[in-house]
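Please open the model in your viewer and keep the sequence panel beside it, since each stop below begins with something to select. The tour goes from helix packing to a metal site and then to single residues.

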Amino acid sequence: TQSTRPQRILGAVQQNATRGDPRSVVRAIDQYCRSQEWAMNVGDEKGCILDSVVSEVNPSTVLELGTYCGYSTVRIASLLPPHAKLITLEFNPKFAVIARQVIAWAGLEDKIQLVEGSSGDLIPKLKEQFGVKAFDLVFLDHWKDRYLPDTKLIEECGLLRKGGVLLADNVICPGAPEYLEFVRSSPRYESQYFKSHLEYTKVEDGLEKSVFLG
Ligand SMILES: CNc1ncnc2c1ncn2[C@@H]1O[C@H](/C=C/CNC(=O)c2cc(-c3ccc(F)cc3)cc(O)c2O)[C@@H](O)[C@H]1O
Ligand SMILES: [Mg+2]
């Protein structure tokens, strides 16, 4: 029977990456998606910007919206300090199954909690169910029209600490215009655009980093 793209990405990891070596998992996915078939990972070019923001924030708690195959999940978690935790939300069980195996191959199960479900349902439960006080960093990479409503929900639930950072992928391509307008015009955020390219292509895209001022 025909395999799916996420299954083929997992295969590339199992064939080309070293168990327990997160950066080799990241490299294996990038090499596969650049040479065999495109996939919507944040990718190597924007991934370097992601790395620099993660290193700068040095977060204890991270929230990722939209796991997909776990590429950015592994990339972020590989940079976290020893007791830091990353919670990633994914509502497609087929993607979650693949992401769990990619995370396991990287040996990052202890740092990453993949929660299956929709961000809209799960965000209000994160405090009580997962003992989260507030996030230092949120990486938005799920449905683009959900960036703004979920940001408002995260604020309402008091899940973003003062100085906490929102980092959004794809603010140019496919684009998140309402989100961009909101974070750039709101006095409660200090936003900065990092120009880059759509993963594995020459098309313009970029990341928007927004610091929550409280
Ligand atoms: C709405 N609440 C949600 N809660 C939990 N998980 C959610 C979710 N929405 C979506 N998801 C999951 O996130 C992932 C969705 C990501 C959506 N991303 C994109 O559409 C995207 C699309 C492109 C893209 C760019 C150009 C192009 F021609 C074609 C595609 C590039 C990207 O980097 C992207 O991130 C899936 O795994 C989905 O199941
Ligand atoms: Mg993306």
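## Helices H8 and H10

Begin by selecting helix H8 and helix H10 (residues 177-185), whose axes cross at roughly 45° and come within 7 Å of each other. An angle of that size makes H8 and H10 oblique to each other, because it falls neither under 35 degrees, which would count as roughly parallel, nor in the range of 65 to 115 that counts as roughly perpendicular. To see the contact itself, show the side chains of Tyr147, Leu148, Thr151, Lys152 and Glu155 on H8, and those of Glu178, Tyr179 and Phe182 on H10. Sorted by class, the contact of H8 with H10 has four nonpolar, one polar and three charged residues.

Before moving on, note that this is a predicted model. The protein chain has an average pLDDT of 98, with 100% of the residues scoring at least 70, and the scores for the model are ipTM 0.99 and pTM 0.99.

## Helix H5 and its partners

Next, select helix H5 (residues 93-106) together with helix H1 (residues 5-16), and look along them: the two pack at an angle of about 10°, and their axes are 10 Å apart. That angle makes H1 roughly parallel to H5. On the H1 side the contact is made by Pro6, Gln7, Leu10, Val13 and Gln14, and on the H5 side by Phe95, Ile98, Gln101, Val102 and Trp105. The class count for the contact of H1 with H5 is seven nonpolar, three polar and no charged residues.

Keep H5 selected, and replace H1 with helix H2 (residues 22-35). H2 and H5 pack at an angle of about 135°, with 8 Å between their axes, and H2 and H5 are therefore oblique to each other. Here Pro22, Val25 and Ile29 of H2 meet Val102, Trp105 and Ala106 of H5. The contact of H2 with H5 has six nonpolar residues, with no polar and no charged ones. Val102 and Trp105 deserve a label in the viewer, as both are listed in the contact with H1 and in the contact with H2.

## The magnesium ion

Now centre the view on the magnesium ion (ligand 2), which is coordinated by Asp141 (OD), Asp169 (OD) and Asn170 (OD1) at 2.0 to 2.2 Å. In the sequence panel, the donor residues of this ion follow the spacing D-x27-D-N. Asp141 and Asn170 link distant parts of the chain, 29 residues apart: Asp141 is in the loop between strand S4 (135-140) and helix H8 (147-156), whereas Asn170 is in the loop between strand S5 (160-168) and helix H9 (171-175). Are Asp141 and Asn170 buried or exposed? Both Asp141 and Asn170 are buried.

A short step along the chain leads to Pro174, which has its place in helix H9. Display the backbone here, and look at the peptide bond from Cys173 to Pro174, which is cis, with omega near 5°.

## Two tyrosines with positive phi

Select Tyr68, in the loop between strand S1 (61-65) and helix H4 (71-77). Tyr68 has a positive phi of about 55° although it is not a glycine, and its relative accessibility of 12% means that Tyr68 counts as buried.

Then select Tyr200, found in the loop between strand S6 (189-197) and strand S7 (204-212). Tyr200, also not a glycine, has a positive phi of about 65°, and at 12% relative accessibility Tyr200 counts as buried.

## Asp30 and Ala84

From Tyr200, go to Asp30 in helix H2, whose contacts beyond its neighbours within four places in sequence are Gly43, Asp44, Tyr71, Arg75 and Tyr200. Asp30 counts as buried, at 7% relative accessibility. A distance drawn between the C-alpha atoms of Asp30 and His197, which are 167 residues apart along the chain, should read 14 Å.

The last stop is Ala84, in the loop between H4 and strand S2 (85-90). Ala84 is buried, with a relative accessible area of 3%, and, residues up to four places away in sequence not being counted, Ala84 touches Pro59, Ser60 and Lys111. For a final distance, pick the C-alpha atoms of Ala84 and Ser119, which lie 35 residues apart along the chain and are separated by 21 Å.

How values were computed: Residues are numbered from 1 along each chain as its sequence is written. Chains are lettered from A and ligands numbered from 1 in the order in which they are written. This is a predicted model: local features need pLDDT of at least 70, side-chain atom pairs count only at pLDDT 80 or more; totals for chains, interfaces and linings use all residues. Side-chain values use heavy atoms; hydrogens and water are left out. Axes are lines fitted to C-alpha atoms, for helices over the stretch in contact, and angles run from 0 to 180 degrees between N-to-C directions. Helices (H or I, at least four residues) and strands (E, at least two) are DSSP runs, numbered from the N terminus. Angles under 35 degrees count as roughly parallel, over 145 as roughly antiparallel, 65 to 115 as roughly perpendicular and the rest as oblique. Contact means heavy atoms within 4.5 Å. Ala, Val, Leu, Ile, Met, Phe, Trp, Tyr, Cys and Pro count as nonpolar, Asp, Glu, Lys and Arg as charged, and the others, Gly among them, as polar. Donors are N, O and S atoms within 2.8 Å of the metal (3.2 Å for Na, K and Ca); water is not among the atoms, so sites may look incomplete. Buried means under 20% relative accessible area, exposed over 50%, partly exposed in between (1.4 Å probe, protein chains only). pLDDT is the predictor's confidence in each residue, from 0 to 100.
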